[in-house]
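Hi,

Here is the structure I promised to pass on. Have a look, and my notes on the cysteines and one helix pair follow below.

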Amino acid sequence: MKIALFGATGAVGGHFLNKALAAGHEVTALVRTPEKLREHTNLSALKGDATSPGDVAKLISGADVVVSCLGNVKGVLIMEKAAEAILQAAAEQSNAPKCLFVSSIGCGGTSWVVKQMLQLIGGRSSFADYERADARISREEEVPYVLVRPAALKEKPGNGKYRAFRGDGTFARPITKEDVAAFLLDAISSNRWDGQRGIQLAGVK
């Protein structure tokens, strides 16, 4: 597949990039600093901004699938703007690519407790931006999408296992960033989780 990737220099995005390349997919990544990406025959880097409709449209053009592993950092709110730009660009394609988005448990009413914790950790404005992006994606009717809300993320090596479910995520087992990437790789070629207005993701022993 030809994959358009956002967030390739982040933890989840980096794991997904490695797995996608190892599986033989062609990846084009939109990054602010292309030099941060290692060279690979099947990897192309496009310098740009995920909130710029022009940059996003350029990346998505001709892609079979779009994967967004973006996240807010240090008070910079990009989630809602990026989601809107990605979905608009995808809808403009003659054959809209499936778009995969990483959100968070706590969004979409999945856990009031987790929402309060994340507001304390990352700030109310940052979490509100995640909520708006999550809601925008959930309203999408033209572009096929997968919206995944991982539980607490761990840095440890993954085991390739995960539990995808609907409903309350308050007591979901933490999941490694590598295993979130494993889910994304599975989801690009499966329609099992498409368009369900949010899938919670937890770790498995």
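The sulfur of C99 has its closest cysteine sulfur in C69, 13 Å away, which is too far for a bond. C107 is in a similar spot: its closest cysteine sulfur also belongs to C69, at 15 Å, again too far for a bond. The count of disulfides (pairs of cysteine sulfur atoms within 2.5 Å) is 0. C99 is buried, with a relative accessible area of 0%, and C107 is buried at 0% too. Buried here means under 20% relative accessible area, with exposed over 50% and partly exposed in between, using a 1.4 Å probe and protein chains only.

Before the helices, the small print. This is a predicted model, where local features need pLDDT of at least 70 and side-chain atom pairs count only at pLDDT 80 or more, while totals for chains, interfaces and linings use all residues. Residues are numbered from 1 along each chain as its sequence is written, and side-chain values use heavy atoms, leaving out hydrogens and water.

Now the helix pair. Helix 1 (residues 11-22) packs against helix 6 (residues 177-187) with axes 8 Å apart, at an angle of about 50°. That angle makes helix 1 oblique to helix 6, since oblique covers whatever is left after roughly parallel (under 35 degrees), roughly antiparallel (over 145) and roughly perpendicular (65 to 115). Helices are DSSP runs of H or I, at least four residues long, numbered from the N terminus. Axes are lines fitted to C-alpha atoms over the stretch in contact, and angles run from 0 to 180 degrees between N-to-C directions.

Cheers

Terms used: Helix = DSSP H or I, 4+ residues; strand = E, 2+ residues; numbered from the N terminus.
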